[in-house]
Amino acid sequence: MSDNNKVNEKDRVMDEIGLEALPVTNYWQDVIRLFTKNRIAVIGLIMMIIIVVLCAGAPLFTSHDPITEMNFSELLFRPGQGGHILGTDDLGRDIWTRLLYGGRNSLVTGIAVTLISAAVGIAIGLVAGYFGGTVEALLMRFTDIMLSFPFLIIAIAIMAVLGPSQRNVILALAIVSWPRFTRLTRGQVLQIKQLEYIESASVAGFKKGRIMFNHILPNCLGPLIIQATLSVGGAILSAASLSYLGLGADAAAPDWGVMLSQGRNYLQLAPHLTTIPGIAISLTVLSMNWIGDGLRDAFDPKMRK
Amino acid sequence: MWTYILRRILQAIPTLLVISFLIFSLLYLTPGDPIELIMGTEDEQISPEQRAIVEREWGLDKPFLVRYFNFIFNAARGDLGTSYVTSKPVFSSIMERYPATLRLAGSAMLLALLISLPLGITAALKHNSIIDSLATALATIGVSLPKFWFGLVLIITLSLKLHWLPTTATVNDMSQGFWPFFKAVIMPASSLALGMAATQTRMIRSSMLDVLNQDYVRYARSKGLKERSVIYGHALKNALIPVITVIGGEVGGMMGGAVVTESIFSWPGIGRLAVNSISKRDYPTIQGITLVMCISYMIVNLLIDIIYAWVDPRIRLDK
């Protein structure tokens, strides 16, 4: 019955506005509609889903082991040779297998760095933007100082101190990545703070925390989601650079950056050791960037009608 | 204008102090015994007397804050301490290698501009054409590739397969003329320029599109000016203003990239020195390089802010 009522109600509204009116949608439905209309963004999303499924379900797509299964009679096989789809590395390990398991590490690093830096950055940005005054001045000055570091250099210095491991990579990259989220959040909060519904919420006597997290935060999510998407790709690229320098994940781990750095000794003999993990990184980051671009267009109010 | 420049320089000082403090305390907290590194005897036993002598000699017996202030005052006079490994002054070994890094970064920046300017402008002028979508696609792909991997792919194809270029840089300046330098620098510079060219192409394109929709451009067109003078005389100048700030941010990325690129191509700059120092745990050198890179980055951004204020009077007159 209630469904019928809703349909009738909708028809009535449509009649009133006229047939040329767009269907009544809310903000998020609009975003999804605009996103799915963007062909490249959808391709990016599909690529990302495929990559996640392949890496998360790694044991389903290969029968080899990424670390322990070394076979010294099958060193540096070319792709396709001896039943290894993408060949073998310098220790006779199956590259396809290492690629799948390595993708897990890269994705976990990218997502963990983004989650940590977003949580820290957004919290600081909310507090700075909402409270203003001295709190804001101090927090934003510190943020600006953190932003004035060349960030990979600082990550390299942190890794030199902490020593190589995936956990430290996540920590080092999160330390250098949060200020962007802070800048963005604060900018959004400053705009939203002026709006009347926030005023009425404080007049109604809501606690500051509730206003910040329930009333302001949901309305600055758009740009933050875009930044988060791009940040995942950026973190994967930076983690690969650190691993290549021997400052990233543990050298035995299946990790795309580590694989690249092993391959550099065999550029002449077995270039596929280098090209394959690089292509994997590029495709992953590319799909994240395409999704991010699609989201940017979908969230951009100028594109809305 | 001068007050603006002075204010920006004064603003940079607290930033510099915080940066140097963070770098110093980071390396102070590092696990590991500097005495063992200095004496180069990790396995043998060091007697307490020997330890005390070395500690005093290197100033390691003083409290943390005293050491930090010593570091700052010495750094201000161009003394960044002494390397644990080579026992040479850190400042002079950085300065020996700094010009090579500048030459590489400068070439990369030039290359990035040579690619992004024509590509970005053409894409904006031919909005929604094939060239436009091609430029946009290339720009997205460009930021998605790992820069150092692109460098490795260049080595595999241009050096190892085609034998066109040497795999490692044998010269890093113009001492043997332009051509040998060009052959040595083109691969590392391309690998370093990739991300910057991509970001700038996007930036130039969108900024040019913005400007072309402005009233004054429409007015210039309606006056009957030639399309060429509308674009190069009126639109381009204003379109490039936002692009200047992007260059500042990109320089930071380039420094990080230089560390990796230099070690791939054996380019004898400070990036490679940093990697070598990290593997030898030569903390004074790591500390010095990090500080020099941060200062260079700040100077570049200071210059860019000044240029920005100079070309766009709204900024310096605003505050």
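Me: What makes α13(A) and α7(B) partners, that is, which of their residues meet?
Reply: On the α13(A) side they are A:T274, A:T275, A:G278 and A:I281, and they meet B:W149, B:L152, B:V153 and B:I156 of α7(B). Contact means C-beta atoms, placed from the backbone, within 7 Å; helices are DSSP runs of H or I, at least four residues, numbered from the N terminus. This is a predicted model, where local features need pLDDT of at least 70 and side-chain atom pairs 80 or more, while totals for chains, interfaces and linings use all residues. Residues count from 1 along each chain as written, with chains lettered from A and ligands numbered from 1 in written order.

Me: What kinds of residue make up that contact?
Reply: Five are nonpolar, three polar and none charged. Gly counts as polar here.

Me: At what angle do α13(A) and α7(B) pack?
Reply: About 145°, with axes 10 Å apart; angles run from 0 to 180 degrees between N-to-C directions.

Me: How many residues are in contact between the two chains?
Reply: 36 of chain B touch 34 of chain A. On the chain B side, α7(B) gives the largest share, seven residues. That side has 28 nonpolar, eight polar and no charged residues.

Me: Why does the length of α5(B) agree with what you'd expect?
Reply: Its 36 residues (90-125), at 1.5 Å a residue (times one less than their number), should span 52 Å, and the end C-alpha atoms are 50 Å apart, so the two agree.

Me: Where does α5(B) bend?
Reply: At B:R97, by about 35° (the angle between axes fitted to the seven residues ending there and the seven starting there), and the proline B:P99 follows within four residues.

Key. Helix = DSSP H or I, 4+ residues; strand = E, 2+ residues; numbered from the N terminus.
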